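Please look over the sequence and the model shown below before reading on. The briefing after it is grouped by topic, so that each part can be followed on the structure itself.

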Amino acid sequence: MSDSVKAQSADVVVLGAGIVGVSAAIAARQRGLSVILVDRREPGSETSYGNAGILSSGSILPLNKPSLWSALPTYLSNRNAALRWDPAWTIRNLDWVVRFLANAAPSRLRPRAAALHGLIGASLKLHRDWIVKADAAHRIRETGWLKAWRSDALVDRQAMSALEPSILPVYKVGLLHTQTASVDSPGAVVKAYALMFARSSGEIRQSGIRAIVPDGEGWRVVLADGALSARHVVVALGPWSPDLLWPLGYRVPLAFERGYHREFKPNPARPLQRPIHDAEGSFLMTPMEQGIRVTSGVELTARDAPSSFAQLDQVVPLARGVVEFGDAVGEPWRGARPTLPDSLPMIGPAPRHPGLWLAFGNQHIGFTTGPATGAAIAAMIGGAQPGFDVSAFAPSRYL
Ligand SMILES: Cc1cc2nc3c(=O)[nH]c(=O)nc-3n(C[C@H](O)[C@H](O)[C@H](O)COP(=O)(O)OP(=O)(O)OC[C@H]3O[C@@H](n4cnc5c(N)ncnc54)[C@H](O)[C@@H]3O)c2cc1C
């Protein structure tokens, strides 16, 4: 394989420059492959921009765990800040909903948690290495993540005030996840990783991707302004991944757990040291470069349905009751967590097309798990074993 990137062809073309695609591109380059990374926007401008920035070591239990069953009655009214659902979407996607709920069975918990544990562990190692190499170490905080309850048992109120002197006494107890880190701008971290890829002679192409077409031993990628050819194509298009796979005969059961954020001017006298997860209020508050970012729970609906700010409107007053902050900065943001019925991503070969690789569906923890998702794909392209067990993530389980 050639070591230099030619104008219109490469060993690997990576589609999508979110955290997953950028990571696949870095890792493929590190294996000596020539790589072109394509996105219609700048790297890290979509889902990988607007998330809560948490590099979570402990998120091995997906939303569809056994406790979801007991919580279901509280979601029926469709007024819960944790989960809103669109009845028309639910009827149209009953098959996905039934499969998602079936995965909440106790017997399905342990294998999925074990799989995610391996993926998260491998990914956090890469983040901590890459963020230094990408000259973005100033963006990571190793201060953990505080999950706090307005009622009952764990870190008591006094210990919590010692950790976060700025917060008002609304919580009775909290749990500090010490192994979790966070960043002050997930979009900027992805951009820094993309720059690191470019510095390693990787090529970044900004263009809309129209189609992927089998072409002899490899692939032709049709762009809005030209075409690329490659032996290997990696689909890392996050919530948009099913669109380009449809014409190849793949019906991907991907749903969209949409979420919103809004940022607010911080009060310099009341800084936050770490993200706070209000367990009962169902929101997260993360200190970011631009201000305090409040992120909402899940809205199950079509990917491109009009925005509804009901959940943000519900939680922002609660967040104001936790720490003082000023006016909103900019407009509210909306994104979609891409989720398969078992809440595990697809990481591996497309079943019926050699040289086509799938890397998406990283649900609530894609910013955390992007690096190892990309590194595993690059290892498989290079004919090597990924550094963790990827069998649970095989695309063939659904395609
Ligand atoms: C509110 C919210 C909070 C979250 N908080 C966290 C958190 O704290 N920690 C965590 O780990 N995860 C979090 N997540 C999840 C995480 O953000 C996602 O799982 C992750 O960003 C997905 O990354 P990706 O690379 O797969 O997709 P994306 O970042 O969406 O990248 C896909 C790329 O494909 C490009 N693209 C799509 N179609 C085309 C086309 N036709 N042509 C050209 N380009 C195209 C897009 O422009 C985009 O850049 C959160 C998500 C949300 C919504």
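In this predicted model, the largest share of the lining of the second largest pocket comes from α5, which supplies 3 residues. The points below begin with that pocket, and then turn to a set of paired strands and to two single residues.

**The second largest pocket**

- The second largest pocket has a volume of about 330 Å³, and 15 residues line this pocket.
- Among the lining residues, Asn93, Pro242, Val252, Pro253 and Leu254 are the ones that lie nearest the centre of the pocket.
- At least two lining residues come from each of three elements, namely α5 (94–102), α9 (241–245) and β14 (255–266).
- When the lining of this pocket is sorted by class, it is found to have 9 nonpolar, 5 charged and 1 polar residues.

**Strand β13 and its partners**

- Strand β13, made up of residues 226–235, pairs with strand β1 (residues 9–15) in the parallel sense over 6 bridges, and within this pairing Val13 stands opposite Val233 of β13.
- Strand β12 (residues 218–223) runs antiparallel to β13 and is joined to it by 5 bridges, with Val221 standing opposite Leu228 in β13.
- The connection between β12 and β13 is a hairpin, which passes through 2 residues.
- Strand β21 (residues 356–360) also pairs with β13, in the parallel sense and over 3 bridges, and here Leu358 in β21 is the bridge partner of Val235.
- As a general point to keep in mind when viewing strands, the side chains of a regular strand alternate between the two faces of the sheet.

**Asn103, a loop residue**

- Asn103 is found in the loop between α5 and α6 (109–133).
- Is Asn103 buried or exposed? Asn103 counts as buried because its relative accessibility is 8%, and the cut-off for buried is under 20%.
- Leaving aside residues up to four places away in sequence, Asn103 touches Asn64, Arg108, Arg112, Pro341, Asp342 and Tyr398.

**Gly335, a strand residue**

- Gly335 has its place in strand β19, which covers residues 325–339.
- With a relative accessible area of 12%, Gly335 is buried.
- Which residues does Gly335 touch, not counting residues up to four places away in sequence? Gly335 touches Arg258 and Gly259.
- From C-alpha to C-alpha, Gly335 and Ala81 are 16 Å apart in space, while in sequence these two residues are 254 residues apart.

Key. Residues are numbered from 1 along each chain as its sequence is written. This is a predicted model: local features need pLDDT of at least 70, side-chain atom pairs count only at pLDDT 80 or more; totals for chains, interfaces and linings use all residues. Side-chain values use heavy atoms; hydrogens and water are left out. On a 1 Å grid over the protein atoms alone, a cavity is a set of points where a 1.4 Å probe fits but cannot get out, and a pocket is an open set with protein on both sides within 12 Å along at least five of seven lines; lining residues have an atom within 4 Å of a point. Grid points are joined across faces, edges and corners, and a volume is the space filled by probe spheres set on the points. Helices (H or I, at least four residues) and strands (E, at least two) are DSSP runs, numbered from the N terminus. Ala, Val, Leu, Ile, Met, Phe, Trp, Tyr, Cys and Pro count as nonpolar, Asp, Glu, Lys and Arg as charged, and the others, Gly among them, as polar. Buried means under 20% relative accessible area, exposed over 50%, partly exposed in between (1.4 Å probe, protein chains only). Contact means heavy atoms within 4.5 Å. Two strands pair if DSSP finds at least two bridges between them.
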